[in-house]
Amino acid sequence: MDPIAILSGFGVGAIVGMTGVGGGSLMTPLLLTVFRLNPAVAIGTDLWFAAITKVSGAVAHQRHGHVDGRITLLLLAGSLPAAMATLALMHFTGITKGWASALTFSLGIALLLTAVTVAFRGVWHGVGLRLERWIPPSRKPFFTVVSGVLLGVLVTLSSIGAGAVGATLILLLYPRLDARRLVGTDIAHAVPLTLVAGIGHATMGHVNWGLLAALLVGSLPGIWIGAQLTKKMPDGLVRALLCISLVTAGLKVIT
């Protein structure tokens, strides 16, 4: 196995363990710049990386009762059809040069969106409380499905958004949701979404399986070590470094 791939997986895993976000946001740019994969293969490989690494987290949160089944199902009602429709469009039109450009641009936008959600994570709760005046409980299911549609398209096109962006959308719509249930619900939604999108990309040959295996070998211990380090590092410092990395990668991808 490629030692650089194992080290890359370890580094991304450690950041995920420390911050809870940043897996796809950092892995896809690495696949593009370090391993020189084309955008479609980088996105497909990262989708499988995200799906596999988040399975254990989803199971653990479900066992502890940290998953809101209703919100998860509403998100999936929007995200899975949107993901399949996006995949169908990609399949029948083919990955032309135009599609590759669209994939790269969507990746850059997703990186910048993730940076904003991470940087202003504490603000979204207050915004969500204010939105409750305009979004009564009877309308929340509709907006939850719409949020799922947005995530389905974004994740399928860029492999980014299921974590930080998804959690922010849930927080905006359900600001009174317990933090543990917010995280658990976000992860529970991300696993089937990234898996469906990953399967779709795999059918088009957009997954580098050997590289994926090496990345996973490094990421699993990296996540555990990162979780231990988060107890010693200031949260503000970790998030600031992550935001700088996301903005830098996003601007580099777009330009």
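**Exercise 1. Determine whether Arg36 is buried or exposed, and describe its backbone.**

Solution. Step 1: Arg36 has a relative accessible area of 69%. Step 2: the classes are buried (under 20% relative accessible area), exposed (over 50%) and partly exposed (in between), with a 1.4 Å probe and protein chains only. Arg36 is therefore exposed. Step 3: Arg36 is found in the loop between α2 (23-33) and α3. Helices here are DSSP runs of H or I with at least four residues, strands are runs of E with at least two, and both are numbered from the N terminus. Step 4: most residues other than glycine have a negative phi. The phi of Arg36, however, is near 55 degrees, a positive value in a residue other than glycine.

The structure is a predicted model, in which local features need pLDDT of at least 70 and side-chain atom pairs count only at pLDDT 80 or more, while totals for chains, interfaces and linings use all residues. Residues are numbered from 1 along each chain as its sequence is written, and side-chain values use heavy atoms, with hydrogens and water left out.

**Exercise 2. Describe Ser159 by the steps used for Arg36, and state whether Ser159 is buried or exposed.**

Solution. Step 1: Ser159 lies in the loop between α7 (140-158) and α8. Step 2: the phi of Ser159 is near 70 degrees, which is a positive value in a residue other than glycine. Step 3: with a relative accessible area of 5%, Ser159 is buried.

**Exercise 3. State how many helices and strands the protein has, and what percentage of its residues is buried.**

Solution. Step 1: the secondary structure comes to 11 helices and 0 strands. Step 2: of the 255 residues in the protein, 51% are buried. Step 3: a contact means heavy atoms within 4.5 Å. Among contacts with a separation of 6 or more, 83% join residues 24 or more positions apart.

**Exercise 4. Explain why helix α8 is described as largely enclosed by the rest of the structure.**

Solution. Step 1: helix α8 covers residues 164-173. Step 2: its buried residues are Ala164, Val165, Gly166, Ala167, Thr168, Ile170, Leu171, Leu172 and Leu173. Step 3: 9 of the 10 residues of α8 are buried, so the helix is largely enclosed by the rest of the structure.

**Exercise 5. Identify the residues that touch the most other members of the largest nonpolar core, and the helix that gives the most to this core.**

Solution. Step 1: a nonpolar core is a set of buried Ala, Val, Leu, Ile, Met, Phe, Trp, Tyr and Cys residues joined through side-chain atoms within 4.5 Å. Step 2: the largest such core has 47 residues, and Leu31, Leu37, Phe49, Leu211 and Leu215 touch the most other members. Step 3: helix α3 (residues 39-63) gives the most to this core, with 7 residues. Step 4: not counting residues up to four places away in sequence, Phe49 touches Val12, Met27, Leu212, Leu215, Leu216 and Ser219. Step 5: another core, of 12 residues, lies apart from the largest one, and Ile71, Tyr174, Leu177 and Leu182 are among its members.

**Exercise 6. Locate Leu177 and list its contacts beyond four places in sequence.**

Solution. Step 1: Leu177 lies in the loop between α8 and α9. Step 2: Leu177 counts as buried, at 18% relative accessibility. Step 3: leaving aside neighbours within four places in sequence, Leu177 is in contact with Asp68, Ile71, Ile170 and Leu182. Step 4: Leu177 and His125 are 52 residues apart in sequence and 9.9 Å apart in space, C-alpha to C-alpha.

**Exercise 7. Describe how α3 and α9 pack.**

Solution. Step 1: two packed helices are described by the angle between their axes and the distance between the axes. Axes are lines fitted to C-alpha atoms, for helices over the stretch in contact, and angles run from 0 to 180 degrees between N-to-C directions. Step 2: α3 and helix α9 (residues 179-203) pack at an angle of about 145 degrees, with axes 7 Å apart. Step 3: by class, the contact of α3 with α9 has 17 nonpolar, 7 polar and 2 charged residues. Here Ala, Val, Leu, Ile, Met, Phe, Trp, Tyr, Cys and Pro count as nonpolar, Asp, Glu, Lys and Arg as charged, and the others, Gly among them, as polar.

**Exercise 8. State whether Thr156 is buried or exposed, and name its contacts.**

Solution. Step 1: Thr156 is found in helix α7. Step 2: Thr156 is buried, with a relative accessible area of 0%. Step 3: apart from neighbours within four places in sequence, Thr156 is in contact with Ile43, Ala83, Thr86, Leu87, Met90, Ala197 and His201.
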